[in-house]
Amino acid sequence: MVRGELKRHHGHEEDTAGDGFFATFAQPAQALRAAVAIVRGVQEIGLDVRCGLHFGECETIDGRLGGIAVHIGARIMALGGAADVFVTSTVRDLVAGGDTQWEDRGSHELKGVPGSWQVWRLEKLDVSALPTPLDPARASSVRESQRPAAARKRRRLRVVIAAVAGLAAVLGLVVAVVAFATGHLFAAPAAPLVNLLKIDPNTNSITLRQSDSYTDEHLPDALWIVNGALWQGVNKGTDGFEGFVRRDIQTGVVQQKFALHTEPSAVAIGFGSIWLSGLQGPDSIQQWDPVSGRVLQTFTVNGDIVSMDPGTDALWVLGADGTLFKVDPVTRTVIKTYDSKTDKPGVVVALGDKIWVCDCEEHHLVEFDPAADRVARTLSFAQSGFLVGLTDTSGVTTLWLLDPQGATLTPIDANAGTAGQPIGIGTNLHGATVAFGAVWVVAGDKVLRVDGSGPTVTKTITMPAGFSAGSIAADPETHFLWVADCGCPIQ
């Protein structure tokens, strides 16, 4: 049963050592879901499991993985009891989101490990509570019913699973009640999983698979294409956001790295530059050279920045209070400010001589006319979410609203000011882009092509095992799509 769940959640069994399993996972979310699946699954055969997960770097010693990360995983596991899933703060932060609920189990000193470690117990995953420990009498009855008569005898099973390399996790199987399992840990490094794909939109097929250590786990909209290069925001290891890499647009191979430990609040591509906000403060903007990655200029606006978009002659910057800043991309100065009349603005889209501001949490889309210095109209719709782009076909301009919570994609006719019929996309929605006459939606284990103002899903491209599509970018020159793995749980 353990091996079945490891395979289903893309874990790799490195070794067994009598009373122990040792496995590696490429991503924290996969290990967490494997742990929960084993917790639930083994109760069907009268057993309980305790789990301890830790994320950290491991050392290769004589061809085998070891080091402090493995040790921490084992110690965290040892703190748990029957049906427990314990993790360090590192793992909790990496998989944090609305689909998990945690109980603080306090700070602990781990034997042989310096310092104190905050420990958390997983209570819910995907709104479902973890099971309580089995009653000993019930567990014994279940085990007896599961075994052939000739094999019915008392046994004590203790299993340790340690997932290391990218993630160290240790799970101990016990019989009905708490027993602190120990075991020997042996492993070899797992092969790197695919983290970047190239897709041909003409054939809707995957033409290239890239595997390297640069990932954008849980980073939204982490891919951009500018001046013939593919840029990607990356976070690696336990340090969170680490900066950007510039990749070859043909091969996806990393050509240059840019260390940057502050995640930008907004990114815009236009006027031959990359514009990043929030790096030197919430009101700051940096202009980067897309070839060298050199900072050309840093300047500020009078407000915290939530979104930016290049227009025909200006960079439009949206403040958290709804203020619109019109910025000259040559002098990097604010030409004029406007009040967009929005309460909780999220995204600004410059479209011709009009500026659209998505007050998406309030279910409003505001069309602002800078020439008249007024709101031209306000559209209301039932969906929430965020704008992902626009299409302009036969004089009909359509804005697209992606609602991850409602699992819908809604076309909004910018000319008529009406919202069309939303289309149900399904779960795992992370982002989308408009390119090559269609809307392309990244949705975990698949990429969807949506055509027409109807709209209609015309193609589903299945992702490789272990790959969760989270970011997408389109290259108009080579006419290819690039998709990055976000490490997001697939529901």
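Tutor: A polar contact is a pair of N or O atoms within 3.5 Å; within protein, one must be able to donate a hydrogen and the other to accept it, and residues adjacent in sequence count only if both atoms are side-chain atoms. The model is predicted, so local features need pLDDT of at least 70 and side-chain atom pairs pLDDT 80 or more, while totals for chains, interfaces and linings use all residues. Residues are numbered from 1 along each chain as its sequence is written, and side-chain values use heavy atoms, without hydrogens and water.

Student: What makes the meeting of the side chains of Gln-287 and Ser-273 a polar contact?

Tutor: The two side chains come to 2.9 Å, which satisfies the limit of 3.5 Å. The side chain of Gln-287 makes a second polar contact, with the side chain of Arg-332, at 2.6 Å.

Student: Where is Gln-287, and why is Gln-287 called buried?

Tutor: Gln-287 belongs to strand E20, residues 284-288; helices (H or I, at least four residues) and strands (E, at least two) are DSSP runs numbered from the N terminus. Its relative accessibility is 5%, and buried means under 20% relative accessible area, exposed over 50% and partly exposed in between (1.4 Å probe, protein chains only). The value of 5% therefore places Gln-287 among the buried residues.

Student: Which residues does Gln-287 touch, leaving out those up to four places away in sequence?

Tutor: Among them are Trp-275, Arg-294, Leu-296 and Pro-329, where contact means heavy atoms within 4.5 Å.

Student: How many salt bridges does the structure hold, and what makes the pair Glu-5 and Arg-8 one of them?

Tutor: The structure holds ten. A salt bridge is a side-chain nitrogen of Lys or Arg within 4 Å of a carboxyl oxygen of Asp or Glu, and the N to O distance for Glu-5 and Arg-8 is 3.1 Å. The two residues are three apart in helix H1 (residues 2-8), which means a separation of about one helical turn. Glu-5 is called buried because its relative accessibility is 14%, whereas Arg-8 is called exposed because its value is 54%.

Student: What does the salt bridge between Asp-84 and Arg-121 tie together?

Tutor: The closest N and O atoms of Asp-84 and Arg-121 are 2.9 Å apart. Asp-84 lies in the loop between H3 and strand E6 (85-88) and Arg-121 in strand E8 (residues 116-125), so the pair ties together parts that are 37 residues apart in sequence. Both residues are buried.

Student: Why are Glu-103 and Arg-105 called partly exposed?

Tutor: Glu-103 has 28% relative accessibility and Arg-105 has a relative accessible area of 35%; both values therefore fall in the partly exposed range. Their side chains form a salt bridge at 3.8 Å, N to O. Asp-84, Glu-103, Arg-105 and Arg-121 are linked in a salt-bridge network.

Student: Is Asp-359 buried or exposed, and how far away is the nearest side chain of opposite charge?

Tutor: Asp-359, in strand E27 (residues 354-359), is buried, and the nearest side chain of opposite charge, Lys-344, is 7.8 Å away. Lys and Arg count as positive and Asp and Glu as negative; His and the chain ends are not counted. Asp-359 has no salt bridge. Its side chain does reach the backbone nitrogen of Lys-344, at 2.9 Å.

Student: How do you know that the span of helix H3 agrees with expectation?

Tutor: The expected span is 1.5 Å times one less than the number of residues. For the twelve residues of H3 (residues 68-79) that gives 16 Å, and the end C-alpha atoms are 17 Å apart, which agrees.

Student: Which residues of H3 are buried, and how do you know that they lie on the same side?

Tutor: Ala-69, Val-70, Ile-72, Gly-73, Ile-76 and Met-77 are buried. They cover an arc of only 160 degrees around the axis, which puts them on the same side of H3; the arc is that of the directions from the helix axis to the C-beta atoms.

Student: What makes helix H2 mostly covered?

Tutor: Of its 16 residues, 15 are buried. Across the chain of 491 residues, buried residues make up 53%.
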